[in-house]
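The following exercises are to be worked through with the sequence and the model at hand. Each task is followed by a solution in steps.

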Amino acid sequence: MFPQGLTDFAAGLAGIKGVTLNSFNGGIRVRKVLLSDTGGFPGVSLGAGYSYTNFNAGYSLTGFSQDLSGFTLNLKGDLNMKATVHSAGLDLNISKKLLVFIPFIRVSAWYQWADFTGSVKDFDASIVNGSTTVSYIGQGGTEPTASYSLHNLSLLLTGGLEIKLGGFVLTASAVLDPSDLTLGVETGLRGQF
């Protein structure tokens, strides 16, 4: 989580006004063991999860002025962007403990839906030479908004290795999306009690 209060504090120290910047990411994952890792047989488990991400950024151009070779450019308006992403899915995991090492493979199906919006509100621009306005572009009270929504279902194949270090687990894995053959690499450290 990156709260707006932290942005307000930092912008206040820098003497900048009109900045919006905040984000939140949260989720939950649960796993049920179907077959225990015993003897020469690997463990098999079924998992489910959900995550939510929200990101907001914006800037108010109130009183923005820039000198341009004897002319002055004046801008005002609000620039805003917002993204919201939801992901939910299931996975089947096969793993085998070998001392402190746990190699695993996983097949996952994840559905993702996301909304992205961007807007410019009350944008005005003028170029001034002394007391004369050379040019003026204004949109007054209009608010053009760009929106995009994404909905997709992905099948993911993952292979990796976990290393148990006391109450912590270090994970390294590679993820393949067979639909477009994209490959991702992940590393992580988690507490496990």
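**Exercise 1: Strand β8 and its partners**

In this predicted model, I163 stands opposite L170 in β8.

Task: Determine which strands pair with β8, and which residue of β9 L170 stands opposite.

Solution.
Step 1. Begin with strand β7, residues 145-165, which runs antiparallel to β8 and is joined to it by nine bridges.
Step 2. Examine the connection: β7 and β8 make a hairpin with two residues between them, and G166 in the turn has a positive phi of about 65 degrees.
Step 3. Turn to strand β9, residues 182-191, which is also antiparallel to β8, with 10 bridges joining the two. L170 stands opposite L189 in β9.
Step 4. The hairpin of β8 and β9 has four residues between the strands, and L181 adopts a positive phi near 55 degrees there.

**Exercise 2: The two faces of β8**

Task: Assign the residues of β8 (168-177) to a covered or an uncovered face.

Solution.
Step 1. Recall the general pattern: side chains in a regular strand alternate between the two faces of the sheet.
Step 2. Assign V169, T171, S173, V175 and D177 to the covered face.
Step 3. Assign F168, L170, A172, A174 and L176 to the uncovered face.

**Exercise 3: Salt bridges**

Task: State how many salt bridges the model contains, and describe the partners in each.

Solution.
Step 1. Apply the cut-off: a side-chain nitrogen of Lys or Arg must lie within 4 Å of a carboxyl oxygen of Asp or Glu. The count by this rule is three.
Step 2. D91 pairs with R31, and their closest N and O atoms are 3.0 Å apart. D91 belongs to strand β4 (residues 71-95) and R31 to strand β1 (residues 19-35), so this pair links distant parts of the chain, 60 residues apart. D91 is buried at 3% relative accessibility, whereas R31 is partly exposed at 40%.
Step 3. D37 forms a salt bridge with K96, with 2.8 Å between the closest N and O atoms. Here the loop between β1 and β2 (43-60) supplies D37, and the loop between β4 and β5 (101-129) supplies K96; the two residues are 59 residues apart. D37 is partly exposed, with a relative accessible area of 31%.
Step 4. R190 and E162 meet in a salt bridge at 3.3 Å, N to O. Because R190 lies in strand β9 and E162 in strand β7, the pair ties together parts 28 residues apart in sequence. R190 is partly exposed at 35% relative accessible area, while E162 is buried at 14%.

Notes: Residues are numbered from 1 along each chain as its sequence is written. This is a predicted model: local features need pLDDT of at least 70, side-chain atom pairs count only at pLDDT 80 or more; totals for chains, interfaces and linings use all residues. Side-chain values use heavy atoms; hydrogens and water are left out. Buried means under 20% relative accessible area, exposed over 50%, partly exposed in between (1.4 Å probe, protein chains only). Two strands pair if DSSP finds at least two bridges between them.
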